[in-house]
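Hi,

Here is the structure I promised to pass on. Have a look at it first, and then read my notes below.

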Amino acid sequence: NQIRRMWQQGKFPAPVYTSKRRFAWPEEVIDRWIDSKIDEQAELIATMARKDEVEGEELQNLLAQVKRG
């Protein structure tokens, strides 16, 4: 499954084992991970705007998407 692959590649937080075969993620860990992805996207958009790769209405649309999450 995709989550397992991402976690094994270090792209998703490691789970907490609840038994030998079961694991879960604390809600706050997932919330922080989601927030970090939103921040990364916003930084990418800001970098593109500084380089004039995106502007005007396109920039506003991208920023609105990031804010909506």
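One definition before anything else: a residue is called buried when its relative accessible area is under 20%, exposed when over 50%, and partly exposed in between. Val29, for example, has a relative accessibility of 18%, so it falls under the 20% limit and counts as buried. You'll find Val29 in helix 2. Across the protein chain, buried residues account for 14% of the 69 residues.

Please keep in mind that this is a predicted model. The mean pLDDT of the protein chain is 85, and 93% of the residues reach at least 70. Confidence peaks in strand 1 (residues 16-17) at 94, and is lowest in helix 3 (residues 56-68), with a mean of 72. As a rule, where pLDDT is low, the predicted coordinates shouldn't be read in detail.

Now the overall layout. The protein chain has three helices and two strands, and going from the N terminus the order is α-β-β-α-α. What does the radius of gyration look like next to that of a compact globule of 69 residues? The globule would come out near 11 Å, while the protein chain has 16 Å. The C-alpha trace spans about 55 × 20 × 15 Å along its principal axes. As for contacts between residues at least 6 apart in sequence, 12% of them join residues at least 24 apart.

Two C-alpha distances are handy when you trace the chain by eye. Val29 and Ala42 are 13 residues apart along the chain, and their C-alpha atoms are separated by 20 Å. Met48 and Leu59 are eleven residues apart along the chain, with 8.9 Å between their C-alpha atoms. Met48 is in helix 2, and with a relative accessible area of 22% it is partly exposed, because partly exposed covers the range between 20% and 50%.

Next, the aromatics, which I'd look at with the side chains switched on. Trp7, Phe12, Tyr17, Phe23, Trp25 and Trp33 form one aromatic cluster. Counting rings whose centres lie within 6.5 Å as a pair, there are six aromatic pairs. One of them is Tyr17 with Phe23, at 5.6 Å centre to centre and 65° between the planes. Why is that pair edge-to-face? Because planes over 60 degrees apart count as edge-to-face, and these are at 65°. Phe23 itself is partly exposed, at 25% relative accessibility.

How many salt bridges does the structure hold? Just one: Glu40 with Lys37, where the closest N and O atoms are 3.4 Å apart. These two residues are three apart in helix 2 (residues 27-50), so about one helical turn separates them. Both partners are partly exposed: Glu40 has a relative accessible area of 47%, and Lys37 has 33%.

Last, the N-terminal end. Asn1 is in the segment before helix 1 (2-8), and a polar atom of the Asn1 side chain lies 2.9 Å from the backbone nitrogen of Ile3. Is Asn1 buried or exposed? With a relative accessible area of 62%, Asn1 is exposed.

If you open just a few spots, I'd suggest the aromatic cluster with Tyr17 and Phe23, the Glu40 and Lys37 salt bridge, and Asn1 with Ile3.

Cheers

Note on methods. Residues are numbered from 1 along each chain as its sequence is written. This is a predicted model: local features need pLDDT of at least 70, side-chain atom pairs count only at pLDDT 80 or more; totals for chains, interfaces and linings use all residues. Side-chain values use heavy atoms; hydrogens and water are left out. Rings of Phe, Tyr and Trp (its six-membered ring) pair if their centres lie within 6.5 Å; planes under 30 degrees apart count as stacked, over 60 as edge-to-face and the rest as tilted. Buried means under 20% relative accessible area, exposed over 50%, partly exposed in between (1.4 Å probe, protein chains only). pLDDT is the predictor's confidence in each residue, from 0 to 100. Helices (H or I, at least four residues) and strands (E, at least two) are DSSP runs, numbered from the N terminus. A salt bridge is a side-chain nitrogen of Lys or Arg within 4 Å of a carboxyl oxygen of Asp or Glu. A polar contact is a pair of N or O atoms within 3.5 Å; within protein, one must be able to donate a hydrogen and the other to accept it, and residues adjacent in sequence count only if both atoms are side-chain atoms. The radius of gyration is taken over C-alpha atoms; the globule rule is 2.2 Å times the number of residues to the power 0.38. Contact means heavy atoms within 4.5 Å.
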